[in-house]
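Keep the sequence and the model side by side while reading. The walk goes from strands to chain, then to the contact between chains and the ligands.

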Amino acid sequence: MAKRTFNIWRGDNSKGKFESYEIEISPGMVVLDAIHKIQVELAPDLACRWNCKAGKCGSCSVEINGFPKLSCMTRMNSIPEENDVTIRPLKPFPVIKDLVSDVSWNYEQNKKIAPFKPKPRDADGNHRMYQEDIDRVQEFRKCIECYLCQTICHVIRDQGQKEKFVGPRFMIRLASLEMHPLDVADRIPAIKNDHGSGMCNITHCCTDVCPEHIRITDNAIIPLKERVVDRYYDPILWLKRKIFG
Amino acid sequence: MTDFSDIQTIEHDIIIIGAGGAGLRAAIECSAQGKNSGVVCKSLLGKAHTVMAEGGMAASLGNADPRDHWKIHFRDTMRGGKFLNQWRMAEIHAKEAPERVNELEEWGAVFDRTKSGLINQRNFGGHRYPRLAHVGDRTGLELIRTLQDHGIHQGFDVHMECTALTLLKDGDNISGVLAYWRDSGRFVLFKCKAVILATGGAGKAWHVTSNSWEYTGDGLAMGYNAGAELMDIEFVQFHPTGMVWPPSVKGTLVTEGVRGDGGILLNNKNERFMFDYIPEKFAAETADSEEESNRWLNGDTGARRPPELLTRDVVARAITTEVKEGRGSPHGGVFLDIASRVPAELIKKKLPSMYHQFKELAEVDITKEPMEVGPTTHYFMGGLRVDHETQETAVPGLFACGECAAGLHGANRLGGNSLSDLIVFGKLAGTGASQYVDSLSKSLAINQEQVATGIREATSILNRESGKNPYLIHDDLQTVMGNYAGIVRTEDDLKKGLTELARIKKDIEQVKAPGASQFNPGWNEALDLSSLMIVSEAVTMAALERKESRGGHSRLDYPGEDSEGLKYNVIVSKGENGMEVRREPRDTPPQELSRIANASIDDLEAEVVRERNNG
Ligand SMILES: Cc1cc2nc3c(=O)[nH]c(=O)nc-3n(C[C@H](O)[C@H](O)[C@H](O)COP(=O)(O)OP(=O)(O)OC[C@H]3O[C@@H](n4cnc5c(N)ncnc54)[C@H](O)[C@@H]3O)c2cc1C
Ligand code: SF4
Ligand code: SF4
Ligand code: FES
């Protein structure tokens with residue numbers, strides 16, 4: 001069994017440094033297992049988040065050797081043996097302690113989105129939707145809110161424009177509402193003016209990191225941008241669509 | 001006495017502890033009833049255990065098979081629970097689940113559809129018809145996200161990453177909660193008139209478990225300490241199919257949906273062994289040949305269900321026996337094969353998260369090879385004893401719902417009956433607590449002495465000069481529970497277990513967490529240990545008391561069900577001199593419900609048809 005070296009950020013927003021830890025790795029281990037092992041053996045107060053340990057809850061996001069990843073789904077054998085493993089908290093958000101960052105900004109974005117508003121039920125009391133009409137919405141609803149896409153998006157990460165753009169996670173949330181067959185609310189003006197759809201310049205980086213393989217850019221952001229364009233720059237086309245479906 | 005003026009104080013009418021399906025549904029109801037309420041949860045919003053649920057939620061919508069009816073759902077639930085369920089709870093659950101599921105759609109949930117555009121339903125163990133509303137194999141995510149996205153606009157506050165430590169009482173009544181913020185490690189005092197516990201189970205008392213770090217039984221322990229009773233706590237569900245390899249994921253759940261969608265269990269001789277384990281009571285409703293099972297899978301409504309879909313207790317015991325007798329897989333489980341039964345594309349569509357889970361964590365492609373699976377600690381049937389309509393415990397102002405409450409599932413829970421439990425009884429707890437608050441005439445005070453004790457106990461873990469490592473104590477406790485109070489039990493083992501637990505209790509008194517209180521997992525873990533200890537003791541003592549095997553509780557020294565066992569529920573409560581166990585006689589079942597539960601399936605189906613024709 002091999003020993004591996006981990007460099008882990010210890011500290012908070014104001015001060016801190018990378019500490020080095022060496023532990024034994026056994027077969028099948030993921031990075032989260034290694035963090036837990038370090039807690040037990042070397043640093044009991046090392047802070048990290050996790051819940052499901054199966055890629056389902058989106059709690060355990062960190063940056064591993066520079067890439068935002070779920071630590072519970074990153075196998076140790078996917079990191080070349082000659083490399084150390086460097087783990088730091090998600091860059092765009094304030095660090096609370098060690099690997100834990102303050103992601104409350106994301107919860108605030110969600111609250112700003114106009115909630116689902118259903119049309120009335122059919123006469124027999126049912127809502128009818130067909131599978132082919134909801135496949136796309138279900139793709140978006142697979143989101144586990146890991147915020148890896150929020151972390152990689154350069155608008156948020158490098159330009160620090162959090163006040164201007166909700167970020168990819170909430171663009172798909174908006175898309176899941178706008179494309180919901182039962183929803184009757186209109187969010188297009190807000191998508192342009194408040195949620196900042198124009199800030200995205202379609203780099204696809206968010207799609208590349210999504211652990212749920214949601215095609216964020218192509219299936220959600222581009223169609224939303226198109227709807228905005230139709231509405232604001234081609235109102236005739238928009239009216240036609242509204243009338244003739 | 002310490003001065004508390006500097007402790008942050010937050011006031012609500014109702015505090016809901018837990019933000020899973022049950023807690024969020026309860027909070028939505030409290031808001032609907034005009035109450036000012038706050039949800040307190042250990043993790044971030046949206047990360048509670050409910051998010052992990054896979055297969056679906058049971059409700060007799062009758063979309064996939066129009067023959068379904070609440071009476072048949074009720075009958076399945078009682079039979080699955082080996083008749084130890086609280087009759088009225090099982091009735092309310094079966095009757096109200098369809099409305100609660102439809103309501104989720106009103107709030108934005110997008111379930112998989114039938115061809116005619118309705119909510120689709122899938123087969124699951126113990127359910128007569130395809131009954132589980134689902135979204136692929138991520139139904140829990142759909143449930144929690146729907147409640148979360150709807151809930152944030154209903155006006156209740158969410159206090160995230162805040163752990164409740166102790167319930168505070170003014171005389172007999174609940175008057176508040178002492179808690180601490182994970183990030184700062186500071187204490188916070190919630191003043192309130194009622195508390196709803198929705199804290200889930202305690203699977204973390206065992207090593208091999210499908211549960212996350214949150215499942216340390218805090219709600220059970222807080223309720224117990226406040227004077228509420230624990231019921232049926234000996235019944236722990238070991239889910240038959242957890243991953244067994246690699247070691248780091250041992251216990252991670254493999255949804256029953258794999259078997260519902262056609263997966264079969266094989267031993268190392270390639271035998272479909274479940275045919276050898278069909279209990280007499282279920283023989284009339286279970287296929288006795290592979291040929292009949294295949295017909296069922298292809299939709300022949302005349303064919304009976306394959307034995308892989310027997311209730312979880314039966315399948316888990318069968319796997320344990322196969323492994324013990326040397327017919328297991330290389331890593332100590334059995335094989336679960338869907339690759340040879342269902343086309344690869346369909347597997348990826350219906351079970352996407354299982355596909356990824358195995359591919360990424362075990363390097364197994366489930367569309368090409370069988371999985372290796374074995375039993376894993378999964379669910380607490382038992383919990384806080386509540387009134388079936390109001391969900392109130394024996395403590396005035398203390399309510400409970402979801403997995404931490406007892407009664408609906410009896411000795412064994414059917415898959416899919418938990419998610420529906422959460423929304424049905426979450427709502428009722430919200431109503432119950434609101435009504436209680438309305439009826440309360442006296443004003444309540446916080447007892448400073450109780451707060452002081454709570455804080456002293458919590459901080460002593462940090463302040464101690466030296467002491468035991470909390471992680472190692474937890475590990476020790478898990479080993480003890482696995483060895484002595486696991487899937488099969490004996491009097492000797494359980495007694496040994498109690499002795500060992502007494503030893504570990506001393507260690508817990510000496511536990512030391514180094515570092516400061518800010519986001520300190522070592523300290524958090526140490527604090528959870530006392531809850532785990534109470535629950536572990538309760539399980540072991542209740543298991544000793546029930547001298548028969550029934551559902552999730554298997555005694556090697558008392559094999560088989562004993563009709564005496566139906567006459568009581570085991571109750572655990574806090575007495576003058578520590579934990580007390582007693583047998584509480586069960587009321588005679590309501591006549592009509594007893595008739596339905598005991599009817600033959602053919603008679604009941606005919607009755608439902610008659611009713612529909614007349615109505
Ligand atoms: C992997 C898996 C798959 C499952 N699949 C299914 C399925 O397909 N169908 C089905 O019906 N059931 C399923 N179940 C069971 C079901 O998911 C759970 O029983 C159910 O979600 C429990 O919900 P709950 O609301 O009671 O509690 P949870 O969702 O567990 O939430 C508990 C909450 O309490 C909080 N909490 C606990 N202690 C404290 C404290 N001290 N202070 C503050 N907050 C606290 C937690 O933070 C959390 O928010 C599955 C379970 C697992 C583990
Ligand atoms: S595609 Fe748009 S949202 Fe996604 S990372 Fe690039 S800029 Fe950000
Ligand atoms: S869209 Fe994908 S990457 Fe972004 S939060 Fe959701 S699951 Fe994570
Ligand atoms: S712990 Fe849930 S996604 Fe990693």
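Start with a strand pair in this predicted model. β1(A) and strand β5 of chain A, residues 85-88, run parallel and are joined by three bridges. One bridge can be named: Asn7(A) has Thr86(A) as its partner in β5(A).

β1(A) has another neighbour. This strand covers residues 2-11 of chain A, and it pairs with β2(A), residues 16-25. The sense here is antiparallel, and the pairing extends over ten bridges. A hairpin of four residues makes the link from β1(A) to β2(A). Gly11(A) is bridged to Gly16(A) of β2(A). So β1(A) is paired parallel with β5(A) and antiparallel with β2(A). As background for reading such strands, side chains in a regular strand alternate between the two faces of the sheet.

Now step back to the whole of chain A. Chain A has ten helices and seven strands. Its C-alpha atoms fill a box of roughly 65 × 40 × 30 Å along the principal axes. Chain A counts 245 residues, and 43% of them are buried. Take the contacts in chain A between residues at least 6 apart in sequence: 62% of these join residues at least 24 apart.

Next comes the contact between the chains. How many residues does each chain bring to it? Chain A gives 44 residues and chain B gives 46 residues. On the chain A side, the elements that supply two or more residues are α1 (31-41), β6 (95-97), α2 (104-112) and α3 (131-141). Of the side of chain A that touches chain B, α3(A) provides the largest share, five residues. By class, this side of chain A has 22 nonpolar, twelve polar and ten charged residues.

One proline is worth a stop. Pro118(A) sits in the loop between α2 and α3 of chain A. Its contacts reach into both chains: Leu182(A), Asp183(A) and Glu106(B), leaving aside residues up to four places away in sequence. Another proline, Pro181(A), is 63 residues away in sequence, yet the C-alpha to C-alpha distance from Pro118(A) is 8.8 Å. Is Pro118(A) buried or exposed? Neither label fits: Pro118(A) counts as partly exposed, because it has 16 C-beta neighbours inside 10 Å. Burial would take 20 or more, and exposure 12 or fewer.

Chain A also lines two ligand sites. Around ligand 2 there are 14 residues. Those that come nearest are Cys153(A), Pro168(A), Cys200(A), Thr203(A) and Cys206(A). Two helices of chain A, α8 (205-209) and α9 (216-233), each supply at least two residues of this shell. α9(A) gives the most, with three residues. The shell around ligand 2 holds ten nonpolar residues, four polar and no charged ones.

Ligand 3 has 17 residues around it. Here the nearest are Cys143(A), Cys146(A), Cys149(A), Arg169(A) and Cys210(A). α4 (148-152) and α6 (168-178) of chain A are the elements that give two or more residues to this shell. α6(A) has the largest share, three residues. In the shell around ligand 3, 13 residues are nonpolar, one is polar and three are charged.

Ligand 1 takes the reader to chain B. It is surrounded by 43 residues, the closest being Gly18(B), Gly20(B), His49(B), Gly200(B) and Gly402(B). Chain B elements that give two or more residues to this shell are α1 (21-32), α4 (139-151), β8 (162-170), α5 and α12 (417-439). The largest share, four residues, is from α12(B). This shell divides into 16 nonpolar, 22 polar and five charged residues.

End on α5(B), one of the elements in that shell. This helix spans residues 218-226 and is mostly covered. Which of its residues are buried? They are Asp218(B), Gly219(B), Leu220(B), Ala221(B), Met222(B), Gly223(B), Tyr224(B) and Ala226(B). That makes eight buried residues out of nine. After α5(B) comes Gly227(B), which has a positive phi, near 110 degrees.

Conventions
Residues are numbered from 1 along each chain as its sequence is written. Chains are lettered from A and ligands numbered from 1 in the order in which they are written. This is a predicted model: local features need pLDDT of at least 70, side-chain atom pairs count only at pLDDT 80 or more; totals for chains, interfaces and linings use all residues. A residue is near a molecule or strand if its C-beta atom, placed from the backbone, lies within 6 Å of it. Ala, Val, Leu, Ile, Met, Phe, Trp, Tyr, Cys and Pro count as nonpolar, Asp, Glu, Lys and Arg as charged, and the others, Gly among them, as polar. Two residues are in contact if their C-beta atoms, placed from the backbone, lie within 7 Å. Two strands pair if DSSP finds at least two bridges between them.
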